[in-house]
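Reader: I should like to learn how to read the features of a structural model in a systematic way. Would you take me through a helix, some loop residues and a pocket, and explain what to look for in each?

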Amino acid sequence: MTLELGDKLLRLNQASETRPSSFHLLGREWDLLDGVFAPVYCFSTRLFASWIPYREGGSLLEIGSGTGVVAVTAALNGCSRVTAVDISAAAVENTRRNALRHGVEDRVRTLRSDLFAALDPEDRYDTIFWNSSFIDPPADHVQETDLHRAIFDPGYQAHRAYLRDAARHLAPGGRLLLGFSNLGNDERLRTLAEEEGLEIVPLESSGTTLVPGVEYRLLELVSPPGK
Ligand SMILES: C[S@@+](CC[C@H](N)C(=O)[O-])C[C@H]1O[C@@H](n2cnc3c(N)ncnc32)[C@H](O)[C@@H]1O
């Protein structure tokens, strides 16, 4: 079922004749560019954007910003410094446009980056978040387009690097968050977290009635004291 849902989401996102060029979400209108993960075909973006504990006056790094809904919402909710990165050039441009559209371009920096690669090694954030590409496809899966990368993570390579490298960019007391789902590979995520000495703490859940059988979860990855 998981793979079928992933493929269905991919097809919806790829159907340029039915994709809108803008959408309404969380009380605002947003630009949507072709090839960028569209928050209109599933609930993840709106749930995570509503659940993230934005720190007033704090800084936030969004990995994989897509259209920029989370990054812009963070800035509008009191974060004084937001960096939004994405591996997709179209997503970076989409985030830039939505930051401009909502008047927060002074606080939202956009950057094309494979996870943390393009950040300055000294960059630190109070909160790091990724609404992840949580579907773990079969071994023969090919990431043909950026949209594939927005939905699938073969072998959980990107998840592995996210858990491994985030700590270098967390400010003291900073929080590492992950937007995940029961469509993701729980077992593999648990193993990766253990390898990095992290514990997975569930913060929020949609339950399984909003979308029958699908649960969106906001997780926090914490280093237990003494580790
Ligand atoms: C599920 S989409 C979420 C998009 C957006 N944050 C939202 O909530 O609507 C995952 C995003 O992660 C990005 N992504 C996937 N792998 C990445 C990587 N290695 N580095 C940076 N971004 C990545 C994708 O391009 C996509 O925009």
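Author: Let us begin with packing against a helix, bearing in mind that this model is predicted. What covers the buried residues of α1 includes α5 (146-151).

Reader: Which residues of α1 are buried?

Author: The general idea comes first. An α-helix has 3.6 residues a turn, so residues three or four places apart point the same way. In this structure, the buried residues of α1 are G6, L9, L10 and N13. These residues lie on the same side of α1, because the arc they cover around the axis is only 100°.

Reader: Which exposed residues does the face of α1 turned away from its buried side carry?

Author: That face carries E4 and R11, both exposed.

Reader: How far apart are the end C-alpha atoms of helix α1?

Author: The end C-alpha atoms of α1 are 18 Å apart. Helix α1 covers residues 2-14, and at 1.5 Å a residue its 13 residues should span 18 Å, so the two values agree.

Reader: Let us turn to the loops. Where is F152, and is F152 buried or exposed?

Author: F152 is placed in the loop between α5 and α6. A residue counts as buried under 20% relative accessible area, and F152 is therefore buried, at 1% relative accessibility.

Reader: Which residues does F152 touch, not counting residues up to four places away in sequence?

Author: The contacts of F152 include L3, G6, D7 and L10. Of these, G6 and L10 are among the buried residues of α1. F152 also touches S133, I135, P137, H141 and Q143. The C-alpha atoms of F152 and H141 lie 8.9 Å apart in space, while the two residues are eleven apart in sequence.

Reader: Which residue has a positive phi although it is not a glycine?

Author: One such residue is Y156, with a positive phi of about 55°. Y156 also lies in the loop between α5 and α6 (157-165), and at 0% relative accessibility Y156 counts as buried. Another is L115, which is not a glycine either and has a positive phi of about 50°. L115 sits in the loop between β5 (108-112) and β6 (125-131). With a relative accessible area of 12%, L115 is buried.

Reader: Where is F43, and what is its relative accessible area?

Author: F43 belongs to the loop between β2 (28-31) and α2 (44-51). Its relative accessible area is 27%, so F43 is partly exposed, since that class runs from the 20% cut-off for buried to the 50% cut-off for exposed.

Reader: With which residues is F43 in contact, leaving aside its neighbours within four places in sequence?

Author: F43 is in contact with L210, V211 and Y216. Along the chain F43 and L210 are 167 residues apart, yet their C-alpha atoms are separated by 8.7 Å.

Reader: Finally, how should the second largest pocket be described, and how many residues line it?

Author: One may consider its space, its lining and the classes of residue present. About 180 Å³ of space lies in the second largest pocket. Its lining consists of 15 residues, and A167, L170, L198, L221 and S223 lie nearest the centre. The elements that give two or more residues to this lining are β7 (170-181) and β9 (216-222). With four residues, β7 gives the most.

Reader: How many nonpolar, polar and charged residues does that lining have?

Author: The lining of the second largest pocket has eight nonpolar, three polar and four charged residues.

Terms used. Residues are numbered from 1 along each chain as its sequence is written. This is a predicted model: local features need pLDDT of at least 70, side-chain atom pairs count only at pLDDT 80 or more; totals for chains, interfaces and linings use all residues. Side-chain values use heavy atoms; hydrogens and water are left out. On a 1 Å grid over the protein atoms alone, a cavity is a set of points where a 1.4 Å probe fits but cannot get out, and a pocket is an open set with protein on both sides within 12 Å along at least five of seven lines; lining residues have an atom within 4 Å of a point. Grid points are joined across faces, edges and corners, and a volume is the space filled by probe spheres set on the points. Ala, Val, Leu, Ile, Met, Phe, Trp, Tyr, Cys and Pro count as nonpolar, Asp, Glu, Lys and Arg as charged, and the others, Gly among them, as polar. The expected span of a helix is 1.5 Å times one less than its number of residues. Buried means under 20% relative accessible area, exposed over 50%, partly exposed in between (1.4 Å probe, protein chains only). The arc is that of the directions from the helix axis to the C-beta atoms. Contact means heavy atoms within 4.5 Å.
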